[in-house]
Amino acid sequence: MSLPAAYFRAAGNGFAPTPLAQGPWGQTISGNVLGGLLGFVLDRDAGDPQMQPARLTVDLFRPAALEPVTVRTQVVRSGKRIKVVDAQAFQGDVMVARASTVFLRRGEPAPTDIWTSEIAIPAAPPPDHDDDRPMQIVAHGAGTEPSSDLTAWQHTGPKHAWVRNTAPVVDGE
């Protein structure tokens, strides 16, 4: 079976999920894909080359069916250095998810030390996979070799993963 090229197609004033958008729990849109759509719309509607997206928070309220999604955005605050924008994803009249993003004006970093805990994360992402999967995930964990089957996460210590969606969120975008 040939997979579609993107997770969604533009459909009127919304987006129609393709079979690629289906999550692992039945006939629903995968949460990370729905979050990607919200991020796409926030950037499309409120992005600014002078502003850097600094945070994206996504709340998934209920399973989103494999049906069209409309997204509404609203600027909550727009100042000289910060812009906050909300987005809501609807199926019919039901809100299935929402997101909020904070954009910060690009500029020189503040002259201060930043505290952080040490964690050994590879300096570069793993190489692209050589098959037609729309997503690549590579798990890393305490002293284990990177793994695509998530066995590196089978311990109680620190862990992290590289996740790369290789298909566009919206067809043609």
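Q: Contact means heavy atoms within 4.5 Å. With that in hand, what share of the contacts between residues at least 6 apart in sequence join residues at least 24 apart?
A: In this predicted model, the share is 58%.

Q: What is the chain built from, and in what order do the elements run?
A: There are 1 helix and 8 strands. Starting at the N terminus, you would read them off as β-β-α-β-β-β-β-β-β. Buried residues account for 31% of the 173 residues.

Q: Why is Thr18 called buried or exposed?
A: Let's set the value against the cut-off. Buried means under 20% relative accessible area, and Thr18 has 2%, so Thr18 is buried. To find Thr18, look in the loop between strand 2 (14–17) and helix 1 (31–46).

Q: How do you know that the side chain of Thr18 makes a polar contact, and with what?
A: The side chain of Thr18 reaches the backbone oxygen of Ala6 at 2.7 Å. A polar contact needs a pair of N or O atoms within 3.5 Å, so this pair qualifies. Ala6 also appears among the residues that Thr18 contacts beyond four places in sequence, together with Pro4, Tyr7, Phe8 and Arg9.

Q: Why is Pro127 called buried or exposed?
A: Exposed means over 50%. Pro127 has 67% relative accessibility and therefore counts as exposed. Pro127 belongs to the loop between strand 6 (94–105) and strand 7 (135–141). Setting aside neighbours within four places in sequence, its contacts are Gln136 and Arg164.

Q: How do you know that the length of helix 1 agrees with what a helix should span?
A: Helix 1 has 16 residues, and at 1.5 Å a residue they should span 22 Å. The end C-alpha atoms are 22 Å apart, so the two values agree.

Q: Which residues of helix 1 are buried, and what do they pack against?
A: The buried ones are Val33, Leu34, Gly35, Leu37, Leu38, Val41, Leu42 and Ala46. The buried residues of this helix pack against strand 1 (8–11), strand 2, strand 3 (51–60), strand 4, strand 5 and strand 6.

Q: What makes a nonpolar core, and which residues touch the most other members of the largest one?
A: To belong, a residue must be buried, be of a listed nonpolar kind, and be joined to the others through side-chain atoms within 4.5 Å. The largest such core has 26 residues, and Phe8, Ile29, Leu34, Leu37, Val71 and Ala89 touch the most other members. Helix 1, strand 5 (82–91) and strand 6 are the elements that give two or more residues to this core. Helix 1 gives the most, with 7 residues. As background, nonpolar side chains in soluble globular proteins tend to be buried together.

Q: What does Ala89 touch beyond four places in sequence?
A: The list is Leu34, Leu38, Val69, Thr70, Val71, Val94, Met95, Val96 and Ala97. Of these, Leu34 and Leu38 are also buried residues of helix 1.

Q: What makes strand 5 mostly covered?
A: Of its 10 residues, 8 are buried.

Q: How do you know that strand 5 pairs with strand 4 and with strand 6?
A: Two strands pair if there are at least two bridges between them. Strand 4 (70–78) and strand 5 are joined by 8 bridges, and strand 5 and strand 6 by 10, so strand 5 pairs with both. Each of these pairs runs antiparallel. Asp86 is a handy residue to look at: Gln74 is its bridge partner in strand 4, and Ser100 stands opposite in strand 6. Elsewhere along strand 6, Val85 faces Thr101, and Lys83 has Phe103 as its bridge partner.

Q: What joins these strands in the chain?
A: A hairpin with 3 residues links strand 4 to strand 5. Strand 5 and strand 6 form a hairpin with 2 residues between them, and Gly92 in that turn has a positive phi of about 65 degrees.

Q: Why are strand 3 and strand 4 said to stand at the edges of the sheet?
A: The open sheet has 4 strands in the order 3-6-5-4, with antiparallel pairing. Strand 3 and strand 4 each have a single partner strand, so one side of each is left without a neighbour in the sheet. Neighbouring strands are turned by 20 degrees against each other on average, direction ignored. For strand 3, 9 bridges join it to strand 6, and Leu56 has Thr101 as its bridge partner there.

Conventions: Residues numbered from 1 in each chain as written. Predicted model: local features only at pLDDT ≥ 70, side-chain atom pairs only at ≥ 80, totals over all residues. Heavy atoms only, no water. Buried < 20%, exposed > 50% of the residue type's maximum accessible area, 1.4 Å probe, protein only. Polar contact = N/O pair within 3.5 Å; in protein donor to acceptor, adjacent residues only side chain to side chain. Expected span 1.5 Å × (residues − 1). Axes fitted to C-alpha atoms, helices over the stretch in contact; angles between N-to-C directions.
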